[in-house]
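The following account leads the reader through one helix and the nonpolar core of a predicted model. Please consult the sequence and structure shown here while reading.

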Amino acid sequence: MKYFVQVIMSLFFVTSLQVHADSGSDLYMSKGCIGCHGAAGMAPMAPIYPKIGNQNKQYIINQLKDFKNGSRNNGMAAMMTGFVATMTEAEIEALADYLSK
């Protein structure tokens, strides 16, 4: 019975994380984007980091996918690849949607 309760609690926890992850603004914070790109992607912490707020949604999606699949390997790609490696398609879409507004 104890094992059954642990499984049910684990499923509940994972499900609640997925619901939480659907918010682009939450993803922006939890994935650490704010650490380099600043508030809403409009205040980079250093000149080397681009402003990504108010960017075209499809452009953001393309860039994140290129980082994830390794086809973009210039500039800060090594760091970005680590950040997007575990992102799902839905998370990329939600993040891009948030940043495009």
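The account begins with helix α4, whose buried residues are Ile60, Ile61, Gln63, Leu64 and Phe67. Viewed down the axis of α4, these buried residues fall within an arc of 165 degrees, so they line one face of the helix. The partners against which the buried residues of α4 pack are α5 and α6.

The helix itself comprises 13 residues, and the distance from its first C-alpha to its last is 18 Å, close to the 18 Å expected at 1.5 Å a residue. At the N-terminal end of α4, asparagine 56 acts as a cap: one of its side-chain oxygens lies 3.0 Å from the backbone nitrogen of glutamine 58. Beyond the other end, α4 is followed by glycine 70, which has a positive phi, near 85 degrees.

In soluble globular proteins, nonpolar side chains tend to be buried together. In this model, the largest nonpolar core contains 17 residues, of which Tyr28, Leu64, Val84, Leu95 and Leu99 touch the most other members. Two or more residues of this core come from each of α2 (24-30), α4 (57-69), α5 (77-84) and α6 (89-99). Helix α6 supplies the largest share, five residues.

Leucine 99 merits a separate description. Leaving aside residues up to four places away in sequence, leucine 99 touches Tyr28, Ala40, Gly41, Ile52, Gly53, Asn54, Gln55 and Ile60. Among these contacts, Ile60 is also one of the buried residues of α4, and Tyr28 is one of the core members listed above.

Technical notes: Residues are numbered from 1 along each chain as its sequence is written. This is a predicted model: local features need pLDDT of at least 70, side-chain atom pairs count only at pLDDT 80 or more; totals for chains, interfaces and linings use all residues. Side-chain values use heavy atoms; hydrogens and water are left out. A nonpolar core is a set of buried Ala, Val, Leu, Ile, Met, Phe, Trp, Tyr and Cys residues joined through side-chain atoms within 4.5 Å. Buried means under 20% relative accessible area, exposed over 50%, partly exposed in between (1.4 Å probe, protein chains only). Helices (H or I, at least four residues) and strands (E, at least two) are DSSP runs, numbered from the N terminus. Contact means heavy atoms within 4.5 Å. The expected span of a helix is 1.5 Å times one less than its number of residues. The arc is that of the directions from the helix axis to the C-beta atoms. A polar contact is a pair of N or O atoms within 3.5 Å; within protein, one must be able to donate a hydrogen and the other to accept it, and residues adjacent in sequence count only if both atoms are side-chain atoms.
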